[in-house]
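Here's a walk through one protein model, piece by piece. Keep the structure open beside you and follow along.

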Amino acid sequence: MTFTTRPTLRGTFGMVSSTHWLASQSAMGILERGGNAFDAAVTAGFVLHVVEPHLNGPGGEVPAIVATAADPRPTVLCGQGPAPAGATIAHFRSLGMDLIPGAGPLAAAVPGAVDAWLLLLREHGTRTLAEVLEPAIGYAGAGHPVVGQVGATVAAVRSLFEDHWPTSAALWLRGGRPPAPGELVTNPAYADTLRRLVKAGQAAGADREAQIEAARRAWSTGFVAEAIDTFSRQPFQDSSGRPHAGLVTGDDLAAYSATWEAPATLDWHGYSVAKTGFWGQGPVLLESLATLDALDDPGAYDPGTAAGVHAQVEALKLAFADREAWYGDGHDVPGEALLSREYARQRAALIGDRASAQVRPGRPDGLRPRLPAQARPDAARRTHATDPTTGEPTVRADGVTRGDTCHVDVVDRWGNMISATPSGGWLQSSPTIADLGFPLGSRLQMCWLQEGLASSLAPGRRPRTTLSPTMVHRDGEPVLACGTPGGDQQDQWQLPFLLRHLVAGQPLQEAIDAPAWHTLSLPGSFYPREMEPGVLVVEDRLDEGVRAALRAYGHEVRVTDGWSLGRLCAVTRDPSTGVLAAGANPRGMQGYACGR
């Protein structure tokens, strides 16, 4: 028996895995009271706003992939808000900017998370708004023992809060200091915001769906939109070093609604793997899997050998190069060609016995790729002191954040399943809106201020998000939901997990616990959009002989702590037996799975 940090949970009633134990247990509580997987996911989503405020918030976003017992086909719930109407390249250029700031009001997209969670509850849930919000209201109003990374994040941006963002200082520097690990922390304003949403719903009568719709209106055209509109007009210092007002208005919130969309999918090894569409980075995983298949080498599937890691890293580099050239919202993405077998064979032919340090997009359908200036071969190599994270943010003193996010997976006894990756609206992303108890996000930093690119900034276009939930089907039935925080690393950490579990047959927890790695040889999605060509970050638990062999392949191997990469969550269901399973990442010491 292989030792694991915790057991792979198994049962038949319900399973939850998330990046915080309070969110997991709150979701499980809803299942115990008769709710389904979607009621549970919404409950967890709002709890995550409270207990992981440095990783997500109500002003952020959430993409999810959903399969219902009635209709098991995967469907994408898009809670990624678009650029506001005033967010033009010309506006940012007029401010002397060539990159969108990584923190501050200017970087905010239209908040999408809350509307998406409420749409999910209305369409597929069974519980009332008051029931699913009760845990979050309790933790925000009465308090919860805060995880240490929250205080560390506040400490990193303390001077910014004290000197420039007084509303954030009032919430997070009570008594003149950041919260200590385990300290009971409250957010009375956010608790009141949630209570007001519940009250607005209840005023619409006894019908559950009518209540949820009334709460959505209170958010998009009522008191929340009014507070955001007023606050966004005030200038605050951002990571450009100068104060600027935001661009999100009440009209932007009123015009926005979360949407249901078809996923991008790949048939692979008897499975169908579903991701969000090409407006996000999710298809990178699909391209990587297809390229590995085209190598026609079973050794390429082993994430524990040098040959396997090399093949997987090189496949990822090629897919991320395509992300830069082709992925984006409102762009005519040649998605079918990018996921075709013929294209995968073309890409696989580029993988040799030496690590590449180049950004090499392909030519699907013979089209000519166009890269941002920072990713071109003649661009100067730009490096930074990397903190390869567990999904906790690497935070600069000006609020700029690399690495981020939460995740939650749920499966219930009826066969409903969801994978969701909430993020953005971090406490360090923008000044706290005092009346509401949360800040806006900074997702616009993933748009380029260069015309004609797949992910160029334009009003109404969604930023090319890194958020990347995954769902896997077999014979038309959902069998696995998984995901992880980590920005550009999300699909990199999921790839070896899927190979270990689906190809090698490792149980969930064993596959999650295994040594992790990722490459930095790609243009970063977060400000200041840096890259480190040829760098491969590995946990020190990866065999020393493997590390030496990877260096021989030409990788610049950077060794980090043995339990520092990834925060994977996963749940499964065996349709033939009804047996459910769950695993959660021990790194960071806060992710947890529960179920029975």
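Let's begin with an open sheet of 3 strands, which come in the order β18-β19-β20 with mixed pairing. Bear in mind that this is a predicted model. The edges of the sheet are β18 (517–519) and β20 (556–560), and each of these has a pairing partner on one side only. On average, neighbouring strands here are turned by 20 degrees against each other, if you ignore direction.

Zoom in on β18 and β19 (residues 535–539): this pair is antiparallel and held over 3 bridges. One bridge to look for joins Trp517 to Val538 in β19. Lying across β18 and β19 you'll find helix α14 (residues 306–326), which runs at about 40 degrees to β18.

Val538 is a handy place to stop for a moment. This residue lies in strand β19. Is Val538 buried or exposed? Its relative accessibility is 0%, so Val538 counts as buried. Setting aside residues up to four places away in sequence, Val538 touches Ala516, Trp517, Arg547, Val557, Arg558, Val559, Thr560 and Leu565. Take Val557 from that list: it sits 19 residues from Val538 along the chain, and the two C-alpha atoms are 7.0 Å apart.

The loop between β18 and β19 has something to show as well, since that is where Pro528 is found. The peptide bond from Tyr527 to Pro528 is cis, with omega near 5 degrees.

Now for another set of strands. Strand β22 (residues 580–584) is mostly covered, with 5 of its 5 residues buried. In a regular strand the side chains alternate between the two faces of the sheet. In β22, Leu580, Ala582 and Ala584 point one way while Ala581 and Gly583 point the other, and all are buried. What does β22 pair with? Strand β1 (residues 9–11) pairs with β22 in the antiparallel sense over 3 bridges, and strand β21 (residues 569–573) does so, also antiparallel, over 5 bridges. Leu580 makes a good landmark here: Gly11 stands opposite Leu580, and so does Arg573. The hairpin of β21 and β22 has 6 residues between its strands, and Gly578 in this hairpin takes a positive phi near 80 degrees.

Gly578 has company when it comes to positive phi values. Here are some of the others:

| Residue | Phi | Where to look |
|---|---|---|
| Gly143 | near 105 degrees | follows α5 |
| Asp296 | near 55 degrees | loop between α13 (283–294) and α14 |
| Asp475 | near 55 degrees | loop between β16 (470–474) and β17 (477–483) |

Neither aspartate is tucked away. Asp296 has a relative accessible area of 70%, which is over the 50% cut-off, so Asp296 is exposed. Asp475 counts as exposed too, because its relative accessibility is 75%.

Next up is helix α5 (residues 129–142). Its 14 residues reach 19 Å from the first C-alpha to the last, close to the 20 Å expected at 1.5 Å a residue. Even so, α5 has a kink of about 35 degrees, centred on Pro135. Which residues of α5 are buried? They are Leu129, Val132, Leu133, Pro135, Ala136, Ile137 and Ala140. These buried residues pack against α1 (21–32), α2, α4 (113–124), α9 (188–202) and α10 (208–220).

Finally, the nonpolar cores. The largest has 84 residues, and those touching the most other members are Phe46, Trp117, Phe161, Val410 and Ile418. Helix α2 (residues 37–51) gives this core its largest share, 11 residues. A second, separate core has 60 residues, including Ala319, Leu499, Leu502 and Met531.

To see one of the well-connected members of the largest core up close, click on Phe161. Leaving out its neighbours within four places in sequence, Phe161 is in contact with Pro166, Ser168, Ala169, Trp172, Leu173, Leu427 and Gln428.

Conventions. Residues are numbered from 1 along each chain as its sequence is written. Side-chain values use heavy atoms; hydrogens and water are left out. A nonpolar core is a set of buried Ala, Val, Leu, Ile, Met, Phe, Trp, Tyr and Cys residues joined through side-chain atoms within 4.5 Å. Buried means under 20% relative accessible area, exposed over 50%, partly exposed in between (1.4 Å probe, protein chains only). Helices (H or I, at least four residues) and strands (E, at least two) are DSSP runs, numbered from the N terminus. Contact means heavy atoms within 4.5 Å. Two strands pair if DSSP finds at least two bridges between them. Axes are lines fitted to C-alpha atoms, for helices over the stretch in contact, and angles run from 0 to 180 degrees between N-to-C directions. The expected span of a helix is 1.5 Å times one less than its number of residues. The bend at a residue is the angle between axes fitted to the seven residues ending there and the seven starting there.
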